[in-house]
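Hi,

Here is the structure I said I'd pass on. Have a look at it first, and then read on for what turned up.

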Amino acid sequence: MQSGAYVRQILDIQKAVRVYEISQVLIQNRYAAVLQMFGEGYWADVKRKLESYRENVDVAYISPSVGREAASSQGLQELFPIFEVSESALIASNEFDAISEVLRKAKKTLQRSYLVAGKIDRTIVSGAEMFRLAVKNATHRASSTSSAAG
């Protein structure tokens with residue numbers, strides 16, 4: 001019986017550490033996006049793929065319970081319902097260009113994932129709005145690059 005209680009304590013501590021890590025990613029990055037993952041394969045492969053799209057991006061796996069606790073601890077209750085369904089990937093950065101590029105590439109390659117929400121500073125936006133801003137950012141960058149070249 002004691003070994004079961006000991007194992008439970010270890011699991012509780014691991015979860016608390018994970019909640020803290022996710023909370024820190026949310027605090028330390030100005031921008032974040034949450035992709036719900038539906039059968040995309042092994043997390044290590046998905047993470048490697050997302051990280052390969054751009055430097056200066058934090059990518060983390062979030063279980064539903066960890067997501068709820070991290071969102072709640074940071075006063076981001078708007079994110080709470082998102083973590084009721086399935087595992088998610090948190091993509092975060094202080095550079096919107098980096099988030100934008102990762103989201104656009106993820107849409108093409110992770111076809112069973114769904115962008116459910118974004119965070120800009122302390123404001124939560126819908127997944128659709130976050131993707132619209134990412135596309136707008138890419139369009140703006142492309143037009144300013146071509147203007148500078150011309």
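**What turned up**

Let me start with one contact: the side chains of Glu95 and Arg54 come together in a salt bridge, with 3.6 Å from N to O. Glu95 sits in the loop between β3 (88-93) and α4 (96-109), while Arg54 is in the loop between α2 and β2 (58-62), so this pair ties together parts that are 41 residues apart in sequence. Glu95 is partly exposed, with a relative accessible area of 31%. Arg54 also counts as partly exposed, at 22% relative accessibility. The pair isn't on its own, either: salt bridges with shared partners join Arg54, Glu95, Glu101 and Lys105 into one network.

Before going further, please keep in mind that this is a predicted model.

**The overall picture**

The protein has five helices and five strands. Going along the sequence, they follow the pattern α-β-α-β-α-β-α-β-β-α. The C-alpha atoms fill a box of roughly 75 × 30 × 25 Å, taken along the principal axes. Of the 150 residues, 40% count as buried. If you take the contacts with a separation of 6 or more, 80% of them are between residues 24 or more positions apart.

**The loop between α2 and β2**

Back to the loop that holds Arg54, since it has other residues to look at. Tyr53 lies in the loop between α2 and β2. Is Tyr53 buried or exposed? It counts as buried, because its relative accessibility is 11% and the cut-off for buried is under 20%. Which residues does Tyr53 touch, leaving out those up to four places away in sequence? They are Glu101, Val102, Lys105, Ala106 and Thr109. The C-alpha atoms of Tyr53 and Glu101 are separated by 7.2 Å, although the two residues are 48 residues apart along the chain. Glu101 and Lys105 will look familiar, as both belong to the salt-bridge network with Arg54 and Glu95.

Asn56 lies in the loop between α2 and β2 as well. Its phi is positive, about 65 degrees, although Asn56 is not a glycine. For background, most residues other than glycine have a negative phi.

**More salt bridges**

How many salt bridges does a search of the whole structure find? The count is eleven. Here are two of them.

Arg30 forms a salt bridge with Asp121, and the closest N and O atoms are 2.7 Å apart. This pair links distant parts of the chain: Arg30 is in the loop between α1 (2-28) and β1 (31-37), and Asp121 is in the loop between β4 (113-120) and β5 (123-126), 91 residues away. Both partners are partly exposed, Arg30 with a relative accessible area of 39% and Asp121 with 35%. Asp121 has something else to show you: its phi is near 55 degrees, a positive value in a residue other than glycine.

Asp45 forms a salt bridge with Arg48, where the closest N and O atoms are 2.7 Å apart. Here both residues lie in helix α2 (residues 43-52), three residues apart, which is about one turn of the helix. Asp45 is partly exposed, with a relative accessible area of 42%, whereas Arg48 counts as exposed at 51%.

**Helix α1**

Does the span of α1 agree or disagree with what its 27 residues should give? At 1.5 Å a residue, α1 should span 39 Å, and its end C-alpha atoms are 39 Å apart, so the two agree. The buried residues in α1 are Val19, Ile22, Ser23, Val25 and Leu26. What do they pack against? The list is β1, β2, α3 (64-73), β3 and β4.

**The largest pocket**

Last stop: the largest pocket, which holds about 240 Å³ of space. Its lining is made up of Leu35, Leu103, Ala106, Lys107, Leu110, Gln111, Ser113, Tyr114, Leu115, Gly127, Ala128 and Phe131. The elements that give two or more residues to this lining are α4, β4 and α5 (127-149). By type, the lining residues divide into eight nonpolar, three polar and one charged. Ala106 is worth finding in the viewer, as it is one of the pocket-lining residues and also one of the residues that Tyr53 touches.

Cheers

How values were computed:
Residues numbered from 1 in each chain as written. Predicted model: local features only at pLDDT ≥ 70, side-chain atom pairs only at ≥ 80, totals over all residues. Heavy atoms only, no water. Salt bridge = Lys/Arg side-chain N within 4 Å of Asp/Glu carboxyl O. Helix = DSSP H or I, 4+ residues; strand = E, 2+ residues; numbered from the N terminus. Buried < 20%, exposed > 50% of the residue type's maximum accessible area, 1.4 Å probe, protein only. 1 Å grid on protein atoms, 1.4 Å probe; cavity = no way out; pocket = protein on both sides within 12 Å on 5 of 7 lines; lining within 4 Å. Points joined across faces, edges and corners; volume = space filled by probe spheres on them. Nonpolar A, V, L, I, M, F, W, Y, C, P; charged D, E, K, R; others polar. Expected span 1.5 Å × (residues − 1). Contact = heavy atoms within 4.5 Å.
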